[in-house]
Structure formats: structure tokens, C-alpha cells
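Student: I'd like a close look at one part of this chain, with the rest brought in only where it helps. Here's what I have in front of me.

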Amino acid sequence: MEVRSIYKYARISPFKVREVTREIQGLPVSAALDILAFTPKKAAFLINKTLKSAIANAENNANLKAEGLVVKEAVVGEGPTFKRMKTRARGSGARILKRTSHIRIVLTDEKPEKEQKAAEKTEEKATTAEKKPKKAKKTTKAAKK
């Protein structure tokens with residue numbers, strides 16, 4: 001089951017937030033919280049807040065345990081941009097763009113795709129290893145003498 005949380009109109013550039021969200025995608029919730037706690041960026045604080053909200057949604061609304069949750073996706077969209085003016089030389093002005101972002105985090109209680117694929121590969125290797133007959137060793141000329 002999927003649970004999500006959205007932080008809208010966060011006062012930070014989406015470019016800065018995406019750098020942090022890439023680090024937590026596909027991780028278990030406990031590992032993601034650890035990474036965010038020790039990342040010295042404003043974006044990490046905002047994402048941590050959103051992630052905790054998603055965990056609370058999972059526990060209260062969907063009756064899921066926090067230990068089994070995985071960050072399925074952490075997406076940052078671009079919000080509206082505040083346009084401001086700054087005075088410049090000779091009576092001119094320069095535009096200042098104050099960007100906002102929408103942070104969306106989706107949690108799931110299923111295993112990540114990477115782990116499922118890895119488990120399937122190891123099972124395939126085990127079954128193919130059992131089926132293949134062992135090759136006979138080649139003897140060298142020195143061993144024949």
C-alpha cells in the first residue's frame with residue numbers, strides 16, 4: 001500500500017531540494033531519516049518534515065508499521081515564483097526570482113524493486129548451478145609425462 005505526503009510552496013529552489021531527495025529514494029525509512037538528520041542543508045530539514053508527515057499518515061490512516069516502510073519516490077516539483085525588483089545603477093532595476101517548490105514523498109510497504117530483482121537473480125543462479133554438469137579438467141603435456 002502506498003502512502004504520501006506533500007509539502008507545498010516550500011520557500012526553497014527545487015534545484016537545491018532535488019539534490020537531497022536523490023539520496024533517500026529507494027531507502028528504508030529509518031535509513032532515510034538518518035541521512036536527513038546528518039545532512040547540513042535547509043532542504044534536508046524540509047524533506048525530513050515531509051517524511052515524518054508521511055510516516056504519521058501511514059501509521060494513523062493506513063495502520064502500517066514504520067519499520068517496514070520504504071521511500072518509493074521523493075519528487076520535487078516547481079511551485080510559483082515570486083518576482084521582486086532590486087534597484088541598480090542609473091535608475092534601472094534587476095529582477096529577483098524567489099523560487100518555491102512542492103515536495104512529494106511516497107512511501108510503500110513493499111520491497112524495493114532492486115532487492116526483488118537481486119533476490120530473483122540469486123535464485124536463478126542457484127538453480128542453474130545445480131543443473132550444469134561439471135566440466136572435466138584439461139590435462140597439460142607436463143602432467144602426462
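Which residues have the most contacts inside the largest nonpolar core?

Tutor: Those are Ile47, Leu51, Val71, Ile105 and Leu107, in a core of 27 residues. Before we dig in, a word on the source: this is a predicted model, where local features need pLDDT of at least 70 and side-chain atom pairs count only at pLDDT 80 or more, while totals for chains, interfaces and linings use all residues. Residues are numbered from 1 along each chain as its sequence is written, and side-chain values use heavy atoms, with hydrogens and water left out.

A nonpolar core here is a set of buried Ala, Val, Leu, Ile, Met, Phe, Trp, Tyr and Cys residues joined through side-chain atoms within 4.5 Å. Buried means under 20% relative accessible area, exposed means over 50%, and partly exposed is in between (1.4 Å probe, protein chains only).

So who builds the core? Strand S1 (2–10), helix H1 (14–24), helix H2 (29–37), helix H3 (42–61), strand S2 (70–78) and strand S5 (101–108) each put in at least two residues. H3 gives the largest share, with eight. Helices and strands are DSSP runs numbered from the N terminus (H or I, at least four residues, for helices; E, at least two, for strands). The whole chain has five of each, in the order β-α-α-α-β-β-β-β-α-α.

Now zoom in on Leu51. Skipping neighbours within four places in sequence, Leu51 touches Ala32, Leu33, Leu36, Val71, Ile105 and Leu107, a contact being heavy atoms within 4.5 Å. Across the chain, 71% of contacts with a separation of 6 or more join residues 24 or more positions apart.

Two of the core's strands, S2 and S5, are also tied by charge. Arg104 and Glu73 meet in a salt bridge at 2.6 Å, N to O; Arg104 sits in S5 and Glu73 in S2, 31 residues apart. A salt bridge means a side-chain nitrogen of Lys or Arg within 4 Å of a carboxyl oxygen of Asp or Glu. Neither partner is buried: Arg104 is partly exposed at 30% relative accessibility, and Glu73 is partly exposed at 26%.

S2 has another such link: Lys72 pairs with Glu2, with the closest N and O atoms 2.2 Å apart. That one joins S2 to S1 across 70 residues. Lys72 is partly exposed at 41%, and Glu2 likewise at 47%.
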